[in-house]
Amino acid sequence: MKAKNLCLFLVLLFCIGVAAAVKSERLIDHFDVHNANVHAVFLQLSKYSGIDIVAADNIKGEISLSVSNKSWRDILEIICRVQNLTATNEGSYIYVLPAEEFAKRNLDKISHFDGAEDASILKREVIKIFHIPVNEIKPAIESMLSAKGKITVVEHTNALIIYDTESNIAQIRKMISELDIETPQISISCKIIEVSAGAIQRMGVHWGYDNNNANKNLKASHISESSNFVTGALEKISYGVLSADKFNVALEYLFNDNKGEIIAQPQITTLDNKEANIFMGQQIPIKYLDEAGNTVVKMVNAGTALTVKPHLSG
């Protein structure tokens, strides 16, 4: 019986809590105050919402407001805008203070953080770069420096001199270790071949007879001279009509051109994702007229060019 009563009590508390939450977010049909003390208005909203609203001591004055179908949060925001106030959520309560004081507090927090950074001890450290040019990695490191941090490039040793706080230098070292990796090299070669226009051509007909029986003779009947052949042609060619059904004919057409010459076989090595150029040719003069009508000779490249930008994936 006691267990049953306890369960009913807990259910009742839960229902009351849900009802209070629903009430706190329920819209207010009509909220009307006239020349009311601002602290009294905050107290009224606090009682309605069930959340403590604490106002700063330097907030004074009266307010007149008439709104409809607004939640208590909307009404609080409207009052703060009208009175130039700021409401901050402090977890278990809401604190209301003048907007100027709120901005000043935020500025003091930022100044305190900057002051803590200024008070940090600065140190100087040399970081050696092994795989990439030091000028390429410098822009990525500059954004990580503190307000008093400095960076110096030493090109002949491919190193950086960092002057900053110890924590910043540690972060910079970690970033450099991730960026300073060996880039794969890629070798590219090509052949420039000159091909002549000479060719060997042949065209003809292959006659054949398919007979699996070796004892069977191939027979043919003579074509009479009364046929429409050129006179005397029958004496110069072999002719006949095959009687077997396994007669076959193959048309042969041959075109062969094997006169080629390798003029050049250039080769270039580049880094991954770096553009490389191969050019075989010469410069020739080109004449043209300028704007004044004078003849100008310009040398231009004439030949074969290959531009690649290789990238290794995977």
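The largest pocket in this predicted model has a volume of about 290 Å³. Its lining is made up of 14 residues. Among these, His131, Ile132, Ile181, Thr183 and Leu271 lie nearest the centre of the pocket. Sorted by class, the lining of the largest pocket contains six nonpolar residues, four polar ones and four charged ones.

From the pocket we turn to the helices. Two packed helices are described by the angle between their axes and by the distance between those axes. Two pairs can be read in this way.

One pair is helix H5, residues 134–142, and helix H6, residues 166–179. Their axes come within 11 Å and cross at roughly 140°. Angles over 145 degrees count as roughly antiparallel, and the crossing at roughly 140° therefore makes H5 oblique to H6. The crossing in which H5 passes H6 is right-handed. On the side of H5, the contact is made by Ile137, Ala140 and Ile141. H6 contributes Ile172, Met175, Ile176 and Leu179. By class, the residues in the contact of H5 with H6 are seven nonpolar, with no polar and no charged residue.

The other pair lies earlier in the numbering: helix H2 covers residues 38–49 and helix H3 covers residues 72–82. The axes of H2 and H3 come within 10 Å, and they cross at roughly 165°. Because angles over 145 degrees count as roughly antiparallel, H2 and H3 are roughly antiparallel to each other. H2 passes H3 in a left-handed crossing.

Which residues of H2 and H3 meet? From H2 they are Val38, Val41, Phe42, Leu45, Tyr48 and Ser49. Their partners in H3 are Trp72, Ile75, Leu76 and Ile79. The contact of H2 with H3 divides into nine nonpolar residues, one polar residue and no charged residues.

To set the pieces side by side, the contact of H5 with H6 has no charged residues, and the contact of H2 with H3 has none either, whereas four charged residues take part in the lining of the largest pocket.

Key:
Residues numbered from 1 in each chain as written. Predicted model: local features only at pLDDT ≥ 70, side-chain atom pairs only at ≥ 80, totals over all residues. Heavy atoms only, no water. Axes fitted to C-alpha atoms, helices over the stretch in contact; angles between N-to-C directions. Helix = DSSP H or I, 4+ residues; strand = E, 2+ residues; numbered from the N terminus. Parallel < 35°, antiparallel > 145°, perpendicular 65-115°, else oblique. Left-handed = near helix turned anticlockwise from the far one by under 90°. Contact = heavy atoms within 4.5 Å. Nonpolar A, V, L, I, M, F, W, Y, C, P; charged D, E, K, R; others polar. 1 Å grid on protein atoms, 1.4 Å probe; cavity = no way out; pocket = protein on both sides within 12 Å on 5 of 7 lines; lining within 4 Å. Points joined across faces, edges and corners; volume = space filled by probe spheres on them.
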